[in-house]
Amino acid sequence: MNRIISVPKKNKIKRRAKSERVVFTIEFIILTLFALTYVFSFIWGFISGFKTHDDLILNPWSMPETWHPENYIDVFSLLEVNGVNMLGMIGNSLWLVFGRSILSVLGPFLMAYAVTKFVFPGRNFLIGLNIILMTLPIIGAMPSTYRLYSQLGFINSPKILIASFGGFGATNLYFCSFLRGVSKTYSEAAEIDGANNYVILFKIIMPLCKGIIIALFITTAVGVWNDYGTALVYMPKLPTLATGIYLFSTEMTYRARMDILYAATMLSAIPPLVLYLLAHKTILTNISLGGIKG
Amino acid sequence: MESYQVNDKTNPQSVADELKLGKSILRKRKAKTYLFILSIIGLQLVNLIVFYFGVNINSILMAFQIKQDAGKTWIWSLDNFANIYKQFFVSGSSSELWIALGNTFKFFGLSLVMFPIAFSTSYFMYKKILGHGIFKIVFFFPSIVSGVVWSTLYKEIVGPQGPIIQMFLNFGWFEEPIVLLDDIRYALGTVMVYSVWMGIAGGFILYGGALSRIPTEVIEAGQLDGINWFNEMVRVIIPLIFPTMGTMLLLQLCGLFTASGNILLLTGGARNTSTISFLIFANVYKVPETSNKYNYASAVGLVFTTLTIPIVFIVRYFLNKIEDVEY
Amino acid sequence: MKNYFNRIIVAFVAMIVALGATACAGGSGNGGGASAGGKDNLEIFMWTAGYGSDYMKAVITAFKDKNPDINVELKLSSAPAFSDIYLDPDNNSVDLYFTTAWGYSAYNEYLEPLNDIVNTEVDGVTIASKIGESTVDLLTAKDGNVYSIPWANGVCGLFYNATVFEQNGYKAPKTTRQLADLCATMVSDKQTPFIYYKEYWKYMINGWMAQYATVANFNKYNLGVYTFDDGTTSENSIDLFINNTARDKALEVLPSLIGSKGYIYTGTNTLTHTVSQTYFLNGRGLMIPTGSWLEYEMRNSISDKTPDIKIMKYPVLSSVGQLLGLNENQLVAVVAYVDGDATAAQKEFVDSLENKEAVVERVREARNVYFSERIGHGTFIPKKSDAKEAAKKFLQFYYSDEGLKIIEDTCGMLLPAKYGDGSVRKSNSDTTLITSCLELQGNEYASSVERSYTIPLFYNAGIENFWYFDPIGAFSYNANTSQIWTYNQYLEKEKSYWNDNWSQILIDAGLA
């Protein structure tokens, strides 16, 4: 029973109250059950990728009658959208993920730096504007977005990344709350040494914010990796992996290869999973909305 | 700790600067700073004007237009709003919009219920419950694996051959297998359970960071005073992360009419499971651009945007009040 | 931690360079049109639907042999694409589409009229007559042009598990009432009559509607015209949806087929079409409304254990009998007469009919109706294409006897057009399923029913069916009985829906 609660390091001697132990045990059981459903689902999906279509449909809950590891290889040739195969889709996903994540983290970072560390006309307006922009749920803007992108030549082009370089949104809020907590001492010292604003920003402040920048970069990257909508609408000729899988799943009705769908989905989950396993500490310690003031 | 600014007039350093430097030098320095600021935020502002205002103003205008001549021309009109009015006040409670609105609020209510659940998950992680290291990794799965897989699996689990229905049959609760997602009594609830299943995991990330930043001295001080764990949670931890909860509530409200859950993947909006955002989606998805449905969807969007704004501001006002009291 | 990230980032950058650089250009980059060597460059987009792409490759090879000056490039996709035609016409390099595009008529201005193709003579007849004049009529837009012609064909209707039918001595029903009786027999034999994908019931409902309204009148529905009993008509009016007796009579059948316990496979309402077909091929239901693609699409699921599958002739709507003043037994007699398997008594009855010719002709048409899924698979030439002539040449080849023969031999799908001599098949190496479809389609009295969406009332207002509420969801048996609507409740709800929304539908369609 005692093992259930691993006591915070600093208070090793302190024993927990009985009531606390009961609550922790109950919570442990609940969390374990939830965790098991996720792990089980993941394994189920992975195993399903080894079945035949019929086996998967008729006996979803049993182990494969025969194992078909070749599904995980066939998927590279069977998944083809608009003349682009799976490797091509991965390539498209990669440049989109990197381009969009870098730009959509950098833009708000710079904006947050400007509004938290400087006083200039319009500063308060920008802070308020961010809240308003986040609050305004404008819906149904897709057709006009499309027309605009089309006029700018963004359709089917990596130029679409330009649109990611915004300065607002939740990312801005994260950075604002983080930057408010960054002490001025470093930058002031640098200023006295004669460093200009750019040096201070890129050599002093940015390294200080490395943790949160990486955390936001990774969460954004995972989001972009799984986002099928953007490529579906704006870059039909450059489908990403998520788009390919989405289209494959909707058009699966004409293929009758659910096994391939599972294989593709499980493969697509590997990069974000690996990234998260490597970086979850950075993500969890750096991301919180609002955070503690100060 | 308050954030403080470089050129704050009350800052003693600035005052000292002013004394030391001549006014012209100061002006030059100011101009240089402004130039720097412009260089780092200029592009974002252009981006905002082009990709946000440009797009959304057009969307608002569309709400006041209707298509004519099989979609080739359009005229200004309030007909889209007239239709919304008609759906609300003439067609009665069985109209698409009422059902969707009701469901939207049910989902919102559910997200409120999820607040304490997400908090408690985060809390136990913070308290390093046994296995927290593994939980932290596993609970991120729902965010990384495609919804296509989760929804397919979920459909199997709650399906007529799945373990849940089989269990109910064994208990004698149902005479014969039923399809929860295809039954008007259970469809919405089944979709909501899916949201909980997927949502529990994400919640802990939101508070994890806030909790980890609680100064250890605060906790230790409490422990030295001998307060029990419950009081520690209620009197120390919750007040400290209250601003985070407030922000979350606000974001939840903002997303009230835009978040659509997984309706498309689970029921496709059938069996009275539609929400406002799904309704808008369904009016645009696979519909030719010449159709007035785009304009109607824009009008629905505009109406609900307008309705949300005051609610959000009122909530914000009260949240700010509470924060002021706490700090 | 620091080193981790450096390593990850280096690894990813390396991957981007390796993959991204090559894939970035993926799919685009083909200029299209005449290249430097004077060779025409024809880029074909093909949606690899249930029929696969092997046959198209074979057609292209044969076409290239005949036209060495045309360079053909085939681009395959597991998802249909059409939007490039109107969303990004200037950068679209595709010259010829084989895809599916519901509501394409909204974008006719971006498409090349195919009138000259339709009127071209190959093998002694025009392509229009190969495709079928009535189908071409359905595809003709208001401006008199045809912008799309079908590239595939599916014969749709009620398929059944012939193996079990034979074992249990079940007979293919002649009328809808017989179909309902057959279901009752199956249930008492502990068999499940129906497994289905909800959407596909539209094949049956539309077919029954055509039986009741006559095929000619049904085809007018597709153009927004409703014909009343007295012969007067209304266009783009609400009559099509609230006064449509044919629709009401067709829907009336459903409760007797899917409305009772044991008649449908539990959970079938939520199945996708391939899953339902997988279940059907594995014996979880004895009848399924679907199309002739069943076998080819499910080729991964076909094994030695797969039962024989056949399509049945459309059971004649029993209310057609009432329309003709016949009771059920009399109708059965007439159907048997047109089927050619009437008993002596039945023959005698038919011969004794005063208006024999009219009745027999009417019932014969009804009995030989089938739903054809052709218009949904359309071929298009974008107006901006710079290889239009090459594209047209290819289409002419596609619909020539030579092209059709290649399709028949390599794929086995039912052909989108007839041969020059009017036949629908040249070889006879077909499976039981295809053979039964060919019997239905190749019958001299056969008339196909199709749905087209060339008018704004359909494509702009998003009206896909002549009904709004999902009739299968409404009528199918569910453990929760309160969920089933009675037939009358359904009609009432339909009526109030259309009445409430008609003004908005006209606005959506741009007809207000």
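## A buried helix in chain C

In this predicted model, a good place to begin is helix α21 of chain C, which spans residues 432–442. Its buried residues are L433(C), I434(C), S436(C), C437(C), L438(C), L440(C) and Q441(C). An α-helix has 3.6 residues a turn, so residues three or four places apart point the same way.

What lies over these buried positions? The cover of α21(C) includes two strands that come before and after a helix in the numbering: β7 (155–161), then α14 (294–297), then β11 (309–311), with β12 (369–372) of chain C also taking part.

## The loop from α14 to β11

Two of those covering elements, α14 and β11 of chain C, are also the ends of a loop that holds T306(C). Is T306(C) buried or exposed? It counts as buried, because its relative accessibility is 17%, and the cut-off for buried is under 20%.

Leaving aside residues up to four places away in sequence, T306(C) touches L281(C) and S301(C). Closer along the chain, a polar atom of the T306(C) side chain lies 2.7 Å from the backbone nitrogen of S303(C). W467(C) is 161 residues from T306(C) in sequence, and their C-alpha atoms are 36 Å apart in space.

## The five-stranded sheet

Chain C also has an open sheet of 5 strands with mixed pairing, in the order β2-β1-β3-β13-β6. Its edges are β2 (70–77) and β6 (149–150), each of which pairs on one side only.

Within the sheet, β3 (residues 96–100) and β13 (residues 377–380) of chain C run antiparallel to one another and are joined over 4 bridges. Here F98(C) stands opposite T379(C) of β13(C).

Two helices of chain C lie across strands of this sheet. Helix α2 (residues 54–66) lies across β1 (40–47), β2 and β3 of chain C, at about 175 degrees to β2(C). Helix α19 (residues 388–398) lies across β1, β2, β3 and β13 of chain C, and runs at about 55 degrees to β3(C).

## Where chains A and B meet

Now for the other two chains: 94 residues of chain B are in contact with 98 residues of chain A. About 9400 Å² is buried between them, and carbon and sulfur atoms give 72% of that area.

How many salt bridges does the rule find across the interface of chain B and chain A? There is 1, and it joins the side chains of E191(A) and R29(B), with 3.1 Å from N to O. Helix α2 of chain B (residues 23–63) supplies the largest share of the side of chain B that touches chain A, namely 21 residues. Polar contacts between chain B and chain A number 10 residue pairs, with both residues at pLDDT 80 or more.

Conventions: Residues are numbered from 1 along each chain as its sequence is written. Chains are lettered from A and ligands numbered from 1 in the order in which they are written. This is a predicted model: local features need pLDDT of at least 70, side-chain atom pairs count only at pLDDT 80 or more; totals for chains, interfaces and linings use all residues. Side-chain values use heavy atoms; hydrogens and water are left out. Two strands pair if DSSP finds at least two bridges between them. Contact means heavy atoms within 4.5 Å. Axes are lines fitted to C-alpha atoms, for helices over the stretch in contact, and angles run from 0 to 180 degrees between N-to-C directions. Buried means under 20% relative accessible area, exposed over 50%, partly exposed in between (1.4 Å probe, protein chains only). Buried area is the accessible area (1.4 Å probe) that two parts lose on being put together, summed over both. A salt bridge is a side-chain nitrogen of Lys or Arg within 4 Å of a carboxyl oxygen of Asp or Glu. A polar contact is a pair of N or O atoms within 3.5 Å; within protein, one must be able to donate a hydrogen and the other to accept it, and residues adjacent in sequence count only if both atoms are side-chain atoms.
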